[in-house]
Structures are given as C-alpha cells and as structure tokens.
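Here are my notes on the model you sent over. I've kept them as numbered points so you can follow along with the structure open.

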Amino acid sequence: RHCQPSVDNTASSRSVIGEVRGVGARFKQCRLENYRSHTPAQADAVTTLQRWIESVNQGLDTNLVLAGYRGAGKTHLATAVMFALSDLGLSSEIISFHDLMLEIRSTYRSSTTQSEWQILRRLTQSDVLVVDDLDKSRHSASEQQTLQTLIDKRYRNQMPTVLITPLPGQAFCSLVGEVVLTRLRHGRLVWIECVWENHYSP
C-alpha cells in the first residue's frame, strides 16, 4: 500500500477472537474444514479462500467475489471465512443486500432512531464485510448509490469486502457498475466462480 492506516491492526495487536456478526443459526457451524468438496473446482475454491484469509491477515489490500449458482454453498464458504478470520482476531459482519436496503428504508420513518449514516458507519467498522445475495431484483438507482457509498467507504479505509452473487461475471459487473468495480480492483480482487452442482443436493 502507498499509505498505511492509522489504526494498528497487525496480528500481534489483535484480540484473541474477532467478533462475528450477522450469521444466522443455519450457518453458525460452517467452517472450511467441514465444507464438502465433491469436485476439484470446490477443492480449489477452498484453497483459494485459505490464501485469501492469509492475505487479509497480513493486512493486504484485497477483496473477494463469490459468484455462481444458487445452492452452490457460497454463503457457507463466506461464513467459514468469517470464522477463520475470527480465529485470527479479525472482526466481520454479513448482511444480505436485501436486508441492508430494508434497514436503509426504515430510516425514512419519522419514528426511527437511527440514520442511514449510522447504518453505513456500522458496516465500515468490521475488519471484513460480507454482502450476500447481490442480484438484479429491484436494483434501483438509490440502491446502486447505497452500494457505491458503502464500497467507497471501505475502500478509503483499506478494509476488505466480500460480495456474493448468483449472477455470472458480465451480469454482475453491469449490476454493480464501474465505480464499484474500480474500487474492488484497486487492490487485489479474488474472483471465485462457484459453478458446480447444487451444494444441497442429496
């Protein structure tokens, strides 16, 4: 990096266990060790994720995209990454893009106690943020702006972000837009295509 962040986040300065936020009960036991790799591509994905975790642990400027079929186990893999990072003392949070926008819209009510700025601020405090289920549904101009603002805030603070999408590469790039892609690619962007059979098939 050309400039170092002011906050000391070296491995020696961290707490023993990093906080993990937003993980649902279904995924609390997800680990890379219990992810069942039935194909060479899945095994390669696990290896790539292990390397990515080490890059994050070393403080490198890197982001991650998990793209591919629904049911391929993308959320399992992303959650497993969060717990691996927690063991290294790094905090993380996962939120679906749909839930993010519901939170943002809730701030429009007069009775709300939090602002959009407070929500985005929370999502820039975790060492690693996972945004799940980025797809085409209701992706309006305001939603595009929210995603752009969030990614830009994390980019400025050199904080890794993970995006999960069921869309193929070109469709995803068109969805998020050039500004977001530029921010993601500024460091080292790792892209994993999860195109194997449904992870939940019997």
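1. Among contacts in the protein between residues at least 6 apart in sequence, what percentage join residues at least 24 apart? It comes out at 81%. Keep in mind as you read on that this is a predicted model.

2. Start with the inventory: you should find 6 helices and 6 strands. Walking along from the N terminus, the elements go β-α-β-α-β-α-α-β-α-β-α-β.

3. Now the sheet. It is an open one, built from 6 strands with parallel pairing, and the strand order reads 1-3-4-5-2-6. At the edges sit strand 1 (20-21) and strand 6 (188-194), each of which has a pairing partner on one side only.

4. For a look inside the sheet, go to strand 3 (residues 92-96) and strand 4 (residues 128-132). These two run parallel and are joined by 5 bridges. If you want a spot to click on, try Glu-93, which has Leu-129 of strand 4 standing opposite.

5. Stay there for the next element, helix 3 (residues 97-106). This helix packs on the sheet and touches both strand 3 and strand 4. Its direction makes about 85° with the direction of strand 3.

6. Last, burial and surface. The protein has 202 residues, and 48% of them count as buried, taking buried as under 20% relative accessible area. The accessible surface adds up to about 10,700 Å², with 51% of that belonging to carbon and sulfur atoms.

Definitions and conventions. Residues are numbered from 1 along each chain as its sequence is written. This is a predicted model: local features need pLDDT of at least 70, side-chain atom pairs count only at pLDDT 80 or more; totals for chains, interfaces and linings use all residues. Side-chain values use heavy atoms; hydrogens and water are left out. Two strands pair if DSSP finds at least two bridges between them. Helices (H or I, at least four residues) and strands (E, at least two) are DSSP runs, numbered from the N terminus. Contact means heavy atoms within 4.5 Å. Axes are lines fitted to C-alpha atoms, for helices over the stretch in contact, and angles run from 0 to 180 degrees between N-to-C directions. Buried means under 20% relative accessible area, exposed over 50%, partly exposed in between (1.4 Å probe, protein chains only). Accessible areas come from the Shrake-Rupley method with a 1.4 Å probe; for residues, only the protein chains shown count as cover.
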